[in-house]
Amino acid sequence: MILQHSTMAQEELLMVIWAIWHARNELVWREKSLSAAEVILLARVVLNQWRNAQQRRMGSLFVPSGSNIDLEHWVKPVMGKIKVNVDGAIFANDRKFGAAGVARDHDGRFIEAFTVLLEGCVDSVIAEVVGVKEALSWIKRHQWGRVDVETDSLVVVQAVRGSVFIPSPFGQHVSACRTLLASLPLVTINFVKRSVNKAAHCLARSSCLYSDRIFSESTAPADLLSIVMVESSF
């Protein structure tokens, strides 16, 4: 049956099959549920990245270059860099969603963190991309130079680092992220596993309690500082 389709249709079908398989693994191994819309979006974004890679004879099929896919825990940035971890959270019962970012230096020391809380029932990918957008704006306001941004949303990283136009609310946020990144030449965005993103995940889940806040080390929640302390020893 597949052979009866054009090459392009075959590629699209196979990528959707891969995206379904990926979504199943996300649910089983990381307890992270993807909606049908997110699965299709992932398939489209990755397929376009793959096609671009074939044309340029470079790049990775599924994971963007520079992403720390093999890491199982948070790692300090190199000397002179700041690392910002970002995550989103959905609060369906309250019809809200939030996001958080945590910045640390090359010694693993806490610099600052933020939370945002917004109204609306959205897919998790929207919360994730809003988190990245807020983090990039935060970095720009601070005029930080060399920064590594990490998120556990592969869909967001693929979309932001790509060039494909996405005609949707998600695509609007992606475009905003691309514009911000263009003005921050020393900032990179990479994909990491959930286990690497514990600090941001913890704070994002608390964004319903600490809405629209900026935290210093003296005001940050104790559970967040506990994670930062443990991870600074790695």
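This passage describes the overall make-up of a predicted protein model and then the packing of two of its helices.

The secondary structure of the protein chain comprises 7 helices and 6 strands. Read from the N terminus, these elements follow the order α-α-β-β-β-α-β-α-α-β-α-β-α, with a pair of helices opening the chain and a helix closing it. The chain has 234 residues, and 48% of them are buried. Its exposed surface amounts to about 12000 Å², of which 57% is supplied by carbon and sulfur atoms. The contacts also show how the chain comes together: among those between residues at least 6 apart in sequence, 72% join residues at least 24 apart.

A closer look at one pair of helices is a good way to see packing in detail. Two packed helices are described by the angle between their axes and the distance between the axes. Here the pair is helix H4, spanning residues 154–161, and helix H5, spanning residues 169–182. Their axes come within 9 Å and cross at roughly 60°. The two helices are therefore oblique to each other, and H4 passes H5 in a right-handed crossing.

On the H4 side, the contact is made by Val155, Val156, Ala159 and Val160. H5 contributes Phe170, Val174, Cys177, Arg178 and Leu181. Sorted by character, the residues of this contact comprise 8 nonpolar, no polar and 1 charged. The charged residue is Arg178 of H5.

How values were computed
Residues are numbered from 1 along each chain as its sequence is written. This is a predicted model: local features need pLDDT of at least 70, side-chain atom pairs count only at pLDDT 80 or more; totals for chains, interfaces and linings use all residues. Side-chain values use heavy atoms; hydrogens and water are left out. Axes are lines fitted to C-alpha atoms, for helices over the stretch in contact, and angles run from 0 to 180 degrees between N-to-C directions. Helices (H or I, at least four residues) and strands (E, at least two) are DSSP runs, numbered from the N terminus. Angles under 35 degrees count as roughly parallel, over 145 as roughly antiparallel, 65 to 115 as roughly perpendicular and the rest as oblique. A crossing is left-handed if the near helix is turned anticlockwise from the far one by less than a right angle, and right-handed if clockwise. Contact means heavy atoms within 4.5 Å. Buried means under 20% relative accessible area, exposed over 50%, partly exposed in between (1.4 Å probe, protein chains only). Accessible areas come from the Shrake-Rupley method with a 1.4 Å probe; for residues, only the protein chains shown count as cover.
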